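Visitor: Got a minute to walk through a structure with me? I'd like to poke around the contacts and the empty space.
Guide: Sure, here it comes.

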Amino acid sequence: MKRFAAAFLSILFLAVPALAGASVAQAQEGARLRIDLAGLSPRVITTSTTTLTVTGTVTNTGDRRITKPQVRLQVGERATTERGVGDVLSGAVVKDTPLTEFTSIADVLEPGRSAPLNITVPLTGTRGDRFFGRPGVYPLLVNVNGTPEFGGPARLGAVSMLMPVLAAPGKPVSSRGGAPSMTLLWPLTGNVPHVYAAPYGSPVVLADDRLAAEISGDGRLNALVTSAASAVRDNPNVGKSMCFALDPDLLATVDAMTRGYLVHTDAGNADGKGVDAAKAWLTEVRALVGGRCVVTLPFADADLDALTRIRPGDTSLLTRAADGAATVQQLTDVPPQTGVLWPDGTPSAAVLAALSDAGVRTVLTDAGKLAPAAAGGGVTVQGSSVRLQPTDSLIAAAMTGVPTVPGSVTVPATTERAVASQNGLGALAFRAGLGATAGQQRPDHLLVAPPRRWDAPAEEYRTYLQQVGEFLGAGVVTATGLPALLAATPETAGSVGDGGQDPARSIDADVVSTLAGLDVTATGLASAMQLDPAKRVKPDDVVAPVRLAELRGASTAWRGLPADAATANAQAELASISGRVTVSQPKQTIALASGNSPLPVYVSNDLPVGINARFTLNNNTGLRPEDATDRYFPASGGKNYFLPVEALRAGRFSVDVSLSTPTGTPLGSSARFELTSTEYGAITIIATVAAGVALLLLASRRIYRRVKDARAGRDVVA
């Protein structure tokens, strides 16, 4: 751990209002306390607010006892700039004033022990008017002090958050004019792609059964659907403002689960248990989105720039990723917004050109990367027909987390399930101009984009949507559907920002390299296949699961996760295809009747297409094969093939027989043949005889020379 030169230890925890206990550990190193907030009430201060309550627990995470831990609430000055809001989000020190006196939590907090935190402060009378006297967004700090053993009194823990104030407690609501319109995207995509293998004509195999848990009970995906269903039912304005962003891969995977599926385990595939959950979830999704706005995410939420690096100069993978609207319509009975795509990040100029060729006309993207940035309106990119519709950067940062101030070690908001809700509400209120100063600009429209894989308790989703509904009812924002927003004429032509890859947000280079190699292998495999006249299955259809697996491997969900996990699906799909063309292992030793007897090899092709391949013999000492030639193996069948070989010696020996495509892709696994031979082949015999004759001639020549030399010696003596 790092040691700071400051005389005191401090921890700054980012905004965490959680009605369903969320742990917040946004702390500088050296911290000895962890604060877990369990409740914050209210989430927004209004004219009817009488008290402010914060509950939770404080835990001693150090190895020293802490005496006299105590807590108080502190309020900062009303935020008037985006930088001021950003300071709260990043954990920077802001000027604040005590809202309460310090209240004791416990006499002593031993290492590993916890104590309840419960503080309530009345906001009626002069207190509310003093601290929250004007509408706006205020920093709120839960500050915990104490005295560590062998140390002095210090701030040991804190949680900071944004608190929207619609009206001072007990004061009438001031009139608001010119409220911006708002559209709320509601993404439905998995935490990670779950498919392990989905071979052509076979049930889908999932890497695990976690998706079944996600789409049922209190699972994240089920909670997103049920909370949205309640919100649009209870508040028509919320329904008007919402547009559901659907991942075609997620929908297709859940649909495949409804027909029965398998789960991959180390011991083999097992039956999946989520068939009924899949059917129920798809039914709820159809009911939720029926007659409402729907937009498409890239297949598996793939990183579009990474796809162009898997196949440099070839945009077919990118086109496939962007072409998910048909899948969404087929599985939900709702046509998505035509030509609209919501990829993660801001696409480069090259990606935009490819998307334009693929029929994409509107891309929803981060406003911070547009030049010039539009104030909520669309921007037509220079040299392209693609319109970029900006999402609000500040609200997105509040809900996903931002880098903390230097010297502070902070758990990102994305790992704290309840942080994004409160800060997202505060940022939305600020961007809507709540308590804006005279002359302060605000956008005409806010396109709100929660985290794509927003992970929060089910109650937190409901609370967020309920509060958004109250903002709509109070006139803080007005509801506008995405179709109406996109119908407006785009603003002045702009360009994509820097266009460079953010290393923190790009797919790992090892993943891209591995996927590129697998893509080449799949292409070689497809080129070896031939359409079978009876089956009428196209080779591209057989290889299509590999292409989809490449998209899953390039999913933005894999950022920061092991490369092997990202590429496992593509490798499994290739193995599944190549493994269906096999050389059968002989059950007994094969006796070669003569030195030139052919080697019988039984090959099974379980693919619905014919395939060209060649035999390879390895570890073949004692056996000489003919040069490898390509053979055609018909679809869905098997038969014996006789390989011309020649025995180089008599006796018992073995040889490994395998198959590969003309481009070298292995098919199936090799089979070991045990052989016996009592005769030599003709070539071997001829070579042996020739060697014997040569030896005889050499020996005869040597004998002749010795006899000649002997006779010459006798003549000299005489």
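Visitor: Let's start with Asp 249: buried or exposed?
Guide: Asp 249 counts as buried, at 3% relative accessibility. Keep in mind that this is a predicted model.

Visitor: And which side chain does Asp 249 meet in a salt bridge?
Guide: That's Arg 552, with 2.9 Å from N to O. Arg 552 sits in helix α17 and Asp 249 in helix α6, so the pair ties together parts that are 303 residues apart in sequence.

Visitor: What about Arg 552, buried or exposed?
Guide: Buried, with 7% relative accessibility.

Visitor: OK, how many salt bridges does the count come to?
Guide: The count is 25.

Visitor: Which residues are linked in a network of salt bridges?
Guide: Arg 311, Asp 314, Asp 519, Arg 547 and Glu 550 are linked that way.

Visitor: Switching to pockets. What volume does the second largest pocket have?
Guide: About 770 Å³. Elements giving two or more residues to its lining are α6 (248–257), α10 (325–332) and α17 (539–553).

Visitor: Which element gives the largest share of that lining?
Guide: Helix α6, with six residues.

Visitor: And which residues lie nearest the pocket's centre?
Guide: Out of 30 lining residues, those are Ala 198, Ala 252, Arg 259, Leu 548 and Arg 552. You've met Arg 552 already, as the salt-bridge partner of Asp 249.

Visitor: How many nonpolar, polar and charged residues are in the lining?
Guide: There are 15 nonpolar, seven polar and eight charged ones.

Visitor: Back to salt bridges for a sec. Which residue does Arg 614 pair with?
Guide: Arg 614 meets Asp 630, at 2.7 Å from N to O. Arg 614 is in strand β30 (residues 610–618), while Asp 630 is in the loop between β31 (623–625) and β32 (631–633), so the bridge ties together parts 16 residues apart in sequence. Arg 614 is partly exposed at 27% relative accessible area, and Asp 630 is partly exposed too, at 42%.

Visitor: What does Glu 646 meet in a salt bridge?
Guide: Glu 646 meets Arg 624, at 3.3 Å from N to O. This one links strand β34 (residues 645–647), where Glu 646 sits, to strand β31, which holds Arg 624; the two residues are 22 apart. Glu 646 is buried, with a relative accessible area of 5%, whereas Arg 624 is partly exposed at 41%.

Visitor: How many disulfides does a search of the whole structure find?
Guide: One. Cys 243 and Cys 293 form it, with their sulfur atoms 2.0 Å apart. Cys 243 is in strand β14 (residues 242–246) and Cys 293 in strand β17 (residues 293–296), 50 residues apart. Both cysteines are buried.

Visitor: Left-handed or right-handed, that link?
Guide: Left-handed, with -60 degrees about the S-S bond.

Visitor: Last topic, helix α12. Which of its residues are buried?
Guide: In α12 (residues 393–400), the buried ones are Leu 394, Ile 395, Ala 397, Ala 398 and Met 399.

Visitor: What reaches the backbone nitrogen of Leu 394 at the start of α12?
Guide: A side-chain oxygen of Asp 392, which gets to within 3.2 Å of that nitrogen.

Visitor: And what phi does Gly 401 take just after α12?
Guide: Gly 401 takes a positive phi of about 100 degrees.

Terms used:
Residues numbered from 1 in each chain as written. Predicted model: local features only at pLDDT ≥ 70, side-chain atom pairs only at ≥ 80, totals over all residues. Heavy atoms only, no water. 1 Å grid on protein atoms, 1.4 Å probe; cavity = no way out; pocket = protein on both sides within 12 Å on 5 of 7 lines; lining within 4 Å. Points joined across faces, edges and corners; volume = space filled by probe spheres on them. Helix = DSSP H or I, 4+ residues; strand = E, 2+ residues; numbered from the N terminus. Nonpolar A, V, L, I, M, F, W, Y, C, P; charged D, E, K, R; others polar. Buried < 20%, exposed > 50% of the residue type's maximum accessible area, 1.4 Å probe, protein only. Polar contact = N/O pair within 3.5 Å; in protein donor to acceptor, adjacent residues only side chain to side chain. Salt bridge = Lys/Arg side-chain N within 4 Å of Asp/Glu carboxyl O. Disulfide = S-S within 2.5 Å.
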